[in-house]
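The following note sets out points on the structure shown below, for consideration alongside the sequence.

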Amino acid sequence: MKRLVILGAGTAGTMMANHLHKKLNRKEWTIDIVDERKEHHYQPGYLFLPFDIYKPDDIIKSIKDFIPSDVNLITKKIDRIVADENYIQMTGGDQLHYDLLIIATGAKIAPEEIEGMKGAEWHKTVFDFYTFEGSIALRNKLRDWQGGNLVIHITEMPIKCPVAPLEFAFLADSYFINKKMRDKVNITYVTPLSGAFTKPKSTAALEHLLQEKNIAIESDFAIAEVNNENKTIVDYGGKEIPFDLLVTVPTNKGDELMERSGLGDELNYVPTNKETLQSKDHANIFVIGDATNIPASKAGSVAHFEAEILTENILHYIKNEKLSASFDGHANCFIETGKSKALLIDFNYTHEPVNGTFPFAGVGPLQLLKESKMNHWGKLAFRWIYWNMLLKGTPIPFVTANMNTAGKHFN
Amino acid sequence: MEKTIANKTITVNEEGYLTNFAEWNKEVGEALAKENHIDLTNKHWQVIDYIQDEFKKESPLSIRKIGKSGVVDIKEFYSLFPSGPLKTATKIAGVPKPASCI
Ligand SMILES: Cc1cc2nc3c(=O)[nH]c(=O)nc-3n(C[C@H](O)[C@H](O)[C@H](O)COP(=O)(O)OP(=O)(O)OC[C@H]3O[C@@H](n4cnc5c(N)ncnc54)[C@H](O)[C@@H]3O)c2cc1C
């Protein structure tokens, strides 16, 4: 028997287990999946917890409910991958040999990267919303916050779901309007980018929305430290921004196990071929989701498209064929804009998000890069689709792994 | 679009980044630096060399990476290329603006 091991049972690993248990010849292959946790979190829900829109129960389920019964689920912490000898070393001593390995260990926040960020004010007036704990602590803070300077901040790129901090700003605006205290809150959006977003057309659309909602923007801000005494963030150029409440997205990094294994780059992401998803250094290791260093969004939708491509390439690899399936960087993200509206963007390595209709050219029903209620329902429906289709590897009707250019208005 | 600089015609995108690294030479670099109000010192050139090496290796650039390069630390990088150092430095070096990922 040969053994395929999947590291990480989050979004990407779970999808791969569901694809492969049906596709591999099970007389020849066993499949193992390893995760240190017992719970699967729907991370997009972290955005909604602070505003009391979702409850913890809406976003947490048991990992084992999503793993097929003919796949072995191992609940252990991975210490390192010994790639030259094809085995996994678990914390505590066990070893697991593999013939084929899929890395899906994701990315997480590393607030300790910035001086003072995880200081005296951490989870008192300085919060993240990229972890369950951070999101809940922030919810409790917001429930009785009296107002002041709210600063929403991105430390450095890349981050998971790069639109999430903008969505946070829009939802905060709505939240304070509903609580009839918007006039007591100044909202400032601070980013290391030169504008609200990375791609020109969506930046223009999003900056317009920021202005409309009276949210100030500070761009090109490269944070050097959080000053806990003065309650300011300070950048390398010397600029200082005061806050009463700081909601920051700390540096995102791959798991430290990559550093221990000598497999990661300076942010612990694994160098990966952006088309085939094979690791650059080891032919029998493939990488998917937030753990890769490919220049695509770190998003669940991206992991979903990658999973279809990777499944094909794993089958090619086993048959000694050319890895002919090629990922184009396709991402599809809803952006909550508050007041029960949302935008939708659809893009890939070569095409930036533009106006148009989705998924049917000229018909929609979803509008690209334009606020609508329909898009908001799309975003909320995403949670149902995530639990019931995405994780199980069921294709979403009409949405293909590689991007479709029809119905999009380029230039 | 085309642009003439240091007696040479180069092709740049709408943000002023060279679209063909082969069209870059030291004089072009000097002239682009002037446009950005920077006088290039030895230290600037070391950073530019590093950026070009990484570009040739197709290895993605970031401020963090430059800070760990051993050439400069982040503070120095900011003092050499004030406000948006990575964007300015890559423009002068003739390589594409780093896609800060999306
Ligand atoms: C606030 C927020 C909002 C988001 N919004 C959206 C959105 O609207 N749309 C969208 O598409 N995406 C969104 N995302 C991104 C999405 O959640 C991620 O891109 C997706 O979960 C990535 O899947 P993954 O499998 O690569 O990583 P994960 O789902 O994070 O899974 C990694 C798994 O590996 C395990 N692991 C890691 N290291 C070890 C170890 N050493 N030992 C054992 N186990 C280990 C972890 O326990 C974890 O279960 C959002 C993310 C955040 C944080």
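**Note on the predicted model**

1. The model is predicted, and this note starts in chain B. Immediately following helix α5(B), residue G94(B) adopts a positive phi of about 80°. Helix α5 of chain B itself spans residues 85–93, and 8 of its 9 residues are buried, which leaves the helix mostly covered. The buried positions are P85(B), L86(B), T88(B), A89(B), T90(B), K91(B), I92(B) and A93(B).

2. Against what does α5(B) pack through its buried residues? The partners are four helices of chain B: α1 (26–35), α2 (42–56), α3 (63–67) and α4 (74–80).

3. The largest nonpolar core comprises 102 residues. Within this core, the residues with the most contacts are L4(A), I102(A), F129(A), L150(A), F168(A), F176(A) and L206(A). The greatest contribution to the core comes from helix α4 of chain A (residues 164–178), which supplies 9 residues. Another core, of 28 residues, lies apart from it and includes L40(B), V47(B), V71(B) and F77(B). As general background, nonpolar side chains in soluble globular proteins tend to be buried together.

4. F129(A) merits a closer look. Setting aside residues up to four places away in sequence, F129(A) touches Y46(A), L47(A), P50(A), S135(A), L138(A), A164(A), P165(A), F168(A), V247(A), T248(A) and V249(A). Of these contacts, F168(A) is also listed among the core residues with the most contacts.

5. The domain assignment divides chain A into domain 1 (2–106 + 255–318), domain 2 (111–251) and domain 3 (331–409). For domain 1 and domain 2 of chain A, the C-alpha centres are 30 Å apart. The contact between these two domains involves 18 residues of domain 1 and 22 residues of domain 2.

6. How much area is buried between domain 1 and domain 2 of chain A? The value is about 1,700 Å², with carbon and sulfur atoms giving 71%. On the domain 1 side, L47(A), P50(A) and F51(A) account for 37% of the area buried against domain 2 of chain A, more than any other three residues. L47(A) and P50(A) also appear among the residues touched by F129(A).

7. Polar interactions are present at this domain interface too. Between domain 1 and domain 2 of chain A there are 1 salt bridge and 4 residue pairs in polar contact. In chain A, the side chains of D52(A) and R143(A) form a salt bridge, with an N to O distance of 2.8 Å.

8. Chain A and chain B together bury about 1,500 Å², and 57% of this lies on carbon and sulfur atoms. In chain A, the residues that lose the most area to chain B are D220(A), Y236(A) and E266(A), which together make up 37% of what that side buries. The contact draws on 23 residues of chain A and 12 residues of chain B.

9. Which polar interactions link the two chains? There are 3 salt bridges between chain A and chain B, together with 4 residue pairs in polar contact. E156(A) and R64(B) meet through their side chains in a salt bridge of 2.5 Å, N to O.

10. A final point concerns D79(A), which is located in strand β6 (residues 78–82) of chain A. Its side chain makes a polar contact of 3.1 Å with the side chain of R80(A). Beyond its neighbours within four places in sequence, D79(A) is in contact with Q89(A), M90(A), T91(A), L257(A) and R260(A).

Note on methods. Residues are numbered from 1 along each chain as its sequence is written. Chains are lettered from A and ligands numbered from 1 in the order in which they are written. This is a predicted model: local features need pLDDT of at least 70, side-chain atom pairs count only at pLDDT 80 or more; totals for chains, interfaces and linings use all residues. Side-chain values use heavy atoms; hydrogens and water are left out. Buried means under 20% relative accessible area, exposed over 50%, partly exposed in between (1.4 Å probe, protein chains only). Helices (H or I, at least four residues) and strands (E, at least two) are DSSP runs, numbered from the N terminus. Contact means heavy atoms within 4.5 Å. A nonpolar core is a set of buried Ala, Val, Leu, Ile, Met, Phe, Trp, Tyr and Cys residues joined through side-chain atoms within 4.5 Å. Domain bounds come from an automatic or database domain assignment. Buried area is the accessible area (1.4 Å probe) that two parts lose on being put together, summed over both. A salt bridge is a side-chain nitrogen of Lys or Arg within 4 Å of a carboxyl oxygen of Asp or Glu. A polar contact is a pair of N or O atoms within 3.5 Å; within protein, one must be able to donate a hydrogen and the other to accept it, and residues adjacent in sequence count only if both atoms are side-chain atoms.
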